[in-house]
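Reader: Here is a chain I would like to go through with you. Please give the grounds for each term you use.

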Amino acid sequence: MRSIVASCGVVLALCGCSSGSAAPDDVRPSPSSIPADEPGAAESGESATPTTEVDEAAAASAYQVIIDVSVDRLGLSERFDVAIDPAELDEIDPFTRFSSCSGLRASIGTFTVTAVDASAAVNSVSVVTADRVDGSGIYDADVRVELDGEDPVTAVGTLTLDQSSRAGSFQAFEATGERVAGTFVCDGPPGTPVPIVDPAVDDGVLRAVEVVALLRRGSEERIVGLTLDTAEVEAAAAECRGATDDEGGPLVRVDGGQAVGAINSFELVPEQSPGMRMRVGGASYEVDDVEITVDERGASGSFSGTTVDGIAVDGAFRCA
């Protein structure tokens, strides 16, 4: 699999522009327009966006990610459906039961959609773009599928994102040329995420923060992140030394302000005892003696280390 962290590092550190090409308004069917099991859909290479019937009251509170995925080499065709209520936030663990969708946040940078259920035959499916997205379109992406009793399936291809930024499709190929394809839809509170853009001025005011991290435990990999726009930066009491030219304090600190399926809090301290603190749902990750690389201003960079539990954490951050 192409290195997710390397991709994210380029995106964040270089404030990269999206490589997505503009797509027609009807590039993807709406979630309810085409049944996922419509005859011929799987064979066409133009898989239908999955559909689901969700109770309106439940939809108001639950965050649901549905991914239909097929792996040609394994003859696999599975629907992965993970719904999480915000009340369950303290019980969420990225390696056990987890769902994440950039389309369910208020702001969006690199697009990630992930569903995890360690009790299922298909343990997890994740798709992440190689670049930040700026709306609907087609983007380079990595796909990873983890299954019981099989080596992880990794493939490189594209993700097609629809107008809502909450549904789309993906098609990728393993190193052997075998196809991995599917569709996804994300349900949650109403709204469409706004792409994060870089401010035109550098005036020492923090307007946006993005953090992406790859968690690895043995052969398992999970990608998590957070994206804050100007309003969210204030609500989360976010800090970023490089963007505000502050002296001392953490390189980056975010405390709260994120939805289900995102990093809830994050702190990166570069001083004499460098360390990283991160919380995702009910799971906490702490790394002492973390390796940190930053740009000249300290407004973007990467970090790497291992927790006392043996979980490797690699990631990147960007402040604007």
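Author: The model is predicted. A good place to begin is F266, which, apart from its neighbours within four places in sequence, is in contact with V211, L226, V252, R253, V254, M276, R277, M278 and F303.

Reader: What makes V211 and F266 a contact?

Author: Contact means heavy atoms within 4.5 Å. V211 is listed among the contacts of F266, so the pair has heavy atoms within that cut-off.

Reader: Which residues stand opposite F266 in the strands?

Author: F266 is the bridge partner of V254, and F266 also stands opposite M278 in β17. Both V254 and M278 are among the contacts of F266.

Reader: Why are β15 and β16 called paired strands?

Author: Two strands pair if there are at least two bridges between them. β15 (residues 252-255) and β16 (residues 263-269) have four bridges, so they meet the criterion; their sense is antiparallel.

Reader: How do you know that β16 and β17 pair?

Author: By the bridge count again: six bridges join β16 to β17 (residues 275-280), against a requirement of at least two, so the strands pair, and they run antiparallel. The hairpin that joins β16 to β17 passes through five residues.

Reader: What is the order of the strands in the open sheet?

Author: The order is β14-β15-β16-β17-β18, with antiparallel pairing.

Reader: Why are β14 and β18 said to stand at the edges?

Author: β14 (239-240) and β18 (283-288) each have a single partner strand, so one side of each has no neighbour in the sheet.

Reader: What makes F266 a member of the largest nonpolar core?

Author: Such a core takes buried residues of listed types, Phe included, joined through side-chain atoms within 4.5 Å, and buried means under 20% relative accessible area. F266 belongs to this core of 69 residues, so F266 is buried by that cut-off. The members that touch the most others are I67, V145, V209, F266, M276, M278 and F303.

Reader: Where does F303 sit among the strands?

Author: F303 is in β20, as the bridge partner of I292. β19 (residues 291-294) and β20 (residues 300-306) are antiparallel with four bridges; at least two are needed, so they pair. In their hairpin, G298 has a positive phi near 85 degrees.

Reader: How many bridges link β20 to β21?

Author: Seven, in the antiparallel sense. One of the partnerships is S302 with A316 in β21. The turn of this hairpin includes G310, with a positive phi of about 85 degrees.

Methods
Residues numbered from 1 in each chain as written. Predicted model: local features only at pLDDT ≥ 70, side-chain atom pairs only at ≥ 80, totals over all residues. Heavy atoms only, no water. Buried < 20%, exposed > 50% of the residue type's maximum accessible area, 1.4 Å probe, protein only.
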